[in-house]
Amino acid sequence: MAKPTLWQAAWAVAYKDLQIELRTRYALNAMALFAVTTAVMVSFRLGPLGLSRDPRSAATLAVLLWIAIFFAAMNGLARTFVREEEAHTATLLRLNVPALAVYLGKLLVNLLILALLETLVTLLFIGLLNVTITKVGLFLATLSLGGVALAGATTILATLVAKADGKGSLFTILAFPLVLPLLIIAVETTELALSGGTWGSAGSGLQLLAAYTIAEHVAALWLFERVWEA
Amino acid sequence: MLATTFKWFTGIWLALVSLAMFLWVPAHEGLGNVGRIVIVHVPTGWLTSVAFLFSAIYSWRYLRNGRARDDALALAAAELGLIFSILATVTGSMFAKVVWGTYWNWDPRETAIAALMLIYAAYFALRTSIEDRQRQRYLGSIYALLAFVAVPFLIFVIPRVTDDTLHPNCAILNTPNCQGIQLTENGRIIGTIEDFKVELLGIEQQADLTVATVSILSNGTNYTLKPSFNRVSNKPEAIERLPETLRDVQIKRLSGEPGNQTVEIAIANTGNIGLLTEQRTLLTFFASLFGFTLLFFWLWWLRADVLDINEQLVQQGMTI
């Protein structure tokens, strides 16, 4: 049998993880429920129109949106690595697939999960909190760039957490300081997108976000093998 | 012997600095007695960043060569970083309460140090959650490096959160940013002086005077001021006070033709705000910086040695 290329191996890892995830839907359910709880709780007390009447609603909604995305993501993103350790399949994977392929495969899964989560959170916010997105393009750009950045910073942390004995609870503690720059910019640009800001006004924020994304991905690619082999 | 001398020297030095801070340094003209805190606050703040840097460097060295000593140094630096960040935060909060009326206000530097503390907390939480010592060192080092990649972004990101800092930056050092900025009618119209955002709204000619309309963001509020410049005497005419501050806004220089003029806007401090322009304060400040640096290195090596001995004991316990 010919040795699979890096991308084939990465795709195989991602495909396997997606299949397992779809079978149990453990991560997806946990994340979706967190997102629903957040949106329902806010909407329940403030009413669907309560927030949008507030003059500072764009800022509040942007913060709430990213709270929902960040904490929901923290509920599920570590799952793929923790599962490997719990089921004792990590060693098998380590022996058969190059570390880089494992990383890329898991990153792909996390990106997909985050895309689903962001879609869900956005729809919930539109439905339950009456969010009007004035600049759709800017909003989508922020969400996708934010998602890629979040995945880049957290996929390697998920590996780290899986190796630690604390598991679940540690993930959020470790991730928060690292993604703080990302969250600050994402909230800022989301606020602009909701309140009708221009691309020009969001430009420097998006550039900074892109630079952060690249730096985190490079650091993760560089350090991943060491974590994975630890 | 050398270590004992070093220890005593550091102790006596810092004791002298503490005495000088209260007895020798005069009270600051603008900030009063509370200005003395700069002697302790700034060195501890700087050493927090130094500790973070050392922690990252030794983590990286540990990952490269796997020597337990390097990890002990990285861990000791992180522990000291936490202690110094607490010292800097407490002294800073005391100052903030007296001068700004609040212990905490998410000033850019407060945000940065809060993020550093969160990182240290996460780093220790990670390390204590792992029982296997080898793995503890390994994963701890990796986290320290990941955090080190993220932190520089905070430096760029944080000024976006609050447009204004209450930190008396220009009270400490007179950087070019404290001098003034050139804004042109049809060119660059936005800039920062100190940490005030300044926007040129327009320039108009009134007889011999050139009046600039500028909007200045201070303490979260936009103030519109109209400083002017006398073209005949070639001197600033109207000097405008920035509300609720001790700052005066003026046009320092004027160039270019009407329609495309460049004004140099300056925000001057009324009274002597420069903390370190006073000689005794400056001397004591450097003495304090030196003393705290000695203290830092002494504690750092001491703690790393303790961690080393601890490690050896554990290993002996395992083999027996």
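This briefing covers the contact between chains A and B, two helix packings in chain A, and the nonpolar cores. The model is predicted. Chain A and chain B each bring 26 residues to their contact. Helix H7 (136–163) of chain A is one of the helices that supply the chain A side of this contact, and H7(A) also packs against H4(A) and H6(A).

**Contact between chains A and B**

- On the chain A side, at least two residues each come from helix H7 (136–163), helix H8 (168–195) and helix H9 (199–229).
- H8(A) gives the largest share of that side, with 11 residues.
- The side of chain A that touches chain B is made up of 20 nonpolar, 1 polar and 5 charged residues.

**H4(A) against H7(A)**

- Helix H4 (residues 79–86) of chain A crosses H7(A) at roughly 30°, and the two axes come within 8 Å.
- With angles under 35 degrees counted as roughly parallel, H4(A) and H7(A) are therefore roughly parallel to each other.
- The crossing of H4(A) past H7(A) is right-handed.
- From H4(A), the residues involved are Phe81(A), Val82(A), Glu84(A) and Glu85(A), which meet Ala158(A), Thr159(A) and Ala162(A) of H7(A).
- By class, the contact of H4(A) with H7(A) has 4 nonpolar, 1 polar and 2 charged residues.

**H6(A) against H7(A)**

- Helix H6 (residues 99–129) of chain A packs on H7(A) at an angle of about 140°, and their axes are 9 Å apart.
- That angle makes H6(A) oblique to H7(A).
- H6(A) and H7(A) make a right-handed crossing.
- H6(A) contributes Tyr103(A), Lys106(A), Leu107(A), Asn110(A), Leu111(A), Leu114(A), Ala115(A) and Glu118(A) to the contact.
- H7(A) contributes Leu143(A), Gly147(A), Val148(A), Leu150(A), Ala151(A) and Thr155(A).
- The residues of the contact of H6(A) with H7(A) divide into 9 nonpolar, 3 polar and 2 charged.

**Nonpolar cores**

- In soluble globular proteins, nonpolar side chains tend to be buried together.
- The largest nonpolar core holds 123 residues.
- Those with the most contacts inside this core are Leu160(A), Val161(A) and Leu174(A) from chain A, together with Ala77(B), Tyr143(B) and Leu146(B) from chain B.
- Apart from its neighbours within four places in sequence, Ala77(B) is in contact with Ala51(B), Phe54(B), Ser55(B), Tyr58(B) and Trp300(B).
- A second, separate core has 18 residues, among them Phe196(B), Val198(B), Ile251(B) and Val263(B).

Notes: Residues numbered from 1 in each chain as written. Chains lettered and ligands numbered in written order. Predicted model: local features only at pLDDT ≥ 70, side-chain atom pairs only at ≥ 80, totals over all residues. Contact = placed C-beta atoms within 7 Å. Helix = DSSP H or I, 4+ residues; strand = E, 2+ residues; numbered from the N terminus. Nonpolar A, V, L, I, M, F, W, Y, C, P; charged D, E, K, R; others polar. Axes fitted to C-alpha atoms, helices over the stretch in contact; angles between N-to-C directions. Parallel < 35°, antiparallel > 145°, perpendicular 65-115°, else oblique. Left-handed = near helix turned anticlockwise from the far one by under 90°. Core = buried A, V, L, I, M, F, W, Y, C linked by C-beta atoms within 7 Å. Buried ≥ 20, exposed ≤ 12 C-beta atoms within 10 Å, placed from the backbone.
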